[in-house]
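This explanation leads through a protein model with a bound ligand. The ligand site comes first, and a pair of helices follows.

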Amino acid sequence: MRFQHKVVIVTGGASGIGATTARLFAEEGAKVVIADYSDKGREVSRTLNEKGLDSFFVQTDVSNEDAVIRMVGNTVRRYGRLDVLFANAGVASDGPTDQIDYEVWQKTIQVNLSGVFLCNKHAIKQMLAQGEGGSIVNCGSVHSFVGKARVAAYASAKGGVHMLTRSSAAAYAANGIRVNTVCPGYIETSLISGLKEEMVRYLQAQHPIGRMGTTEEVGKAVLFLASEDASFITGASLLVDGGYTAV
Ligand SMILES: NC(=O)c1ccc[n+]([C@@H]2O[C@H](COP(=O)([O-])OP(=O)(O)OC[C@H]3O[C@@H](n4cnc5c(N)ncnc54)[C@H](O)[C@@H]3O)[C@@H](O)[C@H]2O)c1
């Protein structure tokens, strides 16, 4: 029960990595705010409540600053404080540089990088006002570190998340706020379930462990980084990638 009495926001908590991680936080005692663009987040929250766990849903577009301010405001109104942010909401994006429409580029950067920035900004303001520190985990990717032909926009955003994390870690360490990034390899979620069978086999083979990861495997790493078990870790990007970047 590492998160008893802790208040946690999980963005993108309506599905995939976010939904699993929200459940893991709640099972360890946290009060969990599911913040997502999709109304499916309400269902995730209700399922947690039915298990006797504490959670509510806030519909949020992380790329809209007013919505992010409301997300933090609603959290504090309901639970009185904010201790942990998992800035996880993201969208997939495909294509090499010469074939990416500018709208697709902008959307990818707006959600995957600016959305993380906005959530970090307003979570940090709240944590500073509380004066008791806090912990932020941002969602990067193996593409925070390695490019591939078809991930130009996605990797640009995820590389940015890696550096935003390091900059914030340096800025707020003295305030007891730790900021880290979790960097998953390919994980079995809706982001990749639309891919062709041949592509799925190719992606599996990219991981020396021989398979894609599970949402639980990422969620457990997020809880580690967010918890006191990681009390001397800040500015780190933890790869959870089955060896994808090792080769
Ligand atoms: N699945 C993978 O292989 C993989 C690998 C590395 C990193 N990631 C990252 O993990 C994170 C979660 O992805 P996932 O695989 O669980 O996908 P997912 O599609 O299951 O979940 C993403 C969630 O983000 C939400 N979202 C999208 N845009 C939003 C916005 N503007 N405001 C609020 N919520 C928004 C979606 O509604 C969805 O619930 C993303 O940041 C993704 O880039 C995923």
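A residue is taken to surround the ligand if one of its heavy atoms lies within 4 Å of it. The model is a predicted one, and in it 28 residues surround the ligand. The closest of these are S15, D36, Y154, I187 and T189. By residue class, the shell around the ligand comprises 13 nonpolar, twelve polar and three charged residues.

Several side chains place polar atoms at short listed distances from the ligand. In the side chain of S15, an N or O atom is 2.7 Å from an oxygen atom of the ligand. For T189, a polar side-chain atom likewise lies 2.7 Å from a ligand oxygen atom. The side chain of D61 has an N or O atom 2.9 Å from a nitrogen atom of the ligand. On its own the ligand has 820 Å² of accessible area, and the protein covers 92% of that area. Two or more residues of the shell come from each of the elements α1 (16-27), α5 (152-172) and α6 (190-193).

Attention now turns to the helix pair. Helix α3 (residues 65-79) and helix α4 (residues 102-130) have axes that come within 9 Å and cross at roughly 35 degrees. The crossing of α3 past α4 is right-handed. On the α3 side, the residues in contact are E65, V68, I69, M71, V72 and V76; they meet L118, C119, K121, H122, A123 and Q126 of α4. The residues of this contact divide into eight nonpolar, two polar and two charged.

Conventions:
Residues numbered from 1 in each chain as written. Predicted model: local features only at pLDDT ≥ 70, side-chain atom pairs only at ≥ 80, totals over all residues. Heavy atoms only, no water. Polar contact = N/O pair within 3.5 Å; in protein donor to acceptor, adjacent residues only side chain to side chain. Areas by Shrake-Rupley, 256 points an atom, 1.4 Å probe, with all protein chains shown as cover. Helix = DSSP H or I, 4+ residues; strand = E, 2+ residues; numbered from the N terminus. Nonpolar A, V, L, I, M, F, W, Y, C, P; charged D, E, K, R; others polar. Axes fitted to C-alpha atoms, helices over the stretch in contact; angles between N-to-C directions. Left-handed = near helix turned anticlockwise from the far one by under 90°. Contact = heavy atoms within 4.5 Å.
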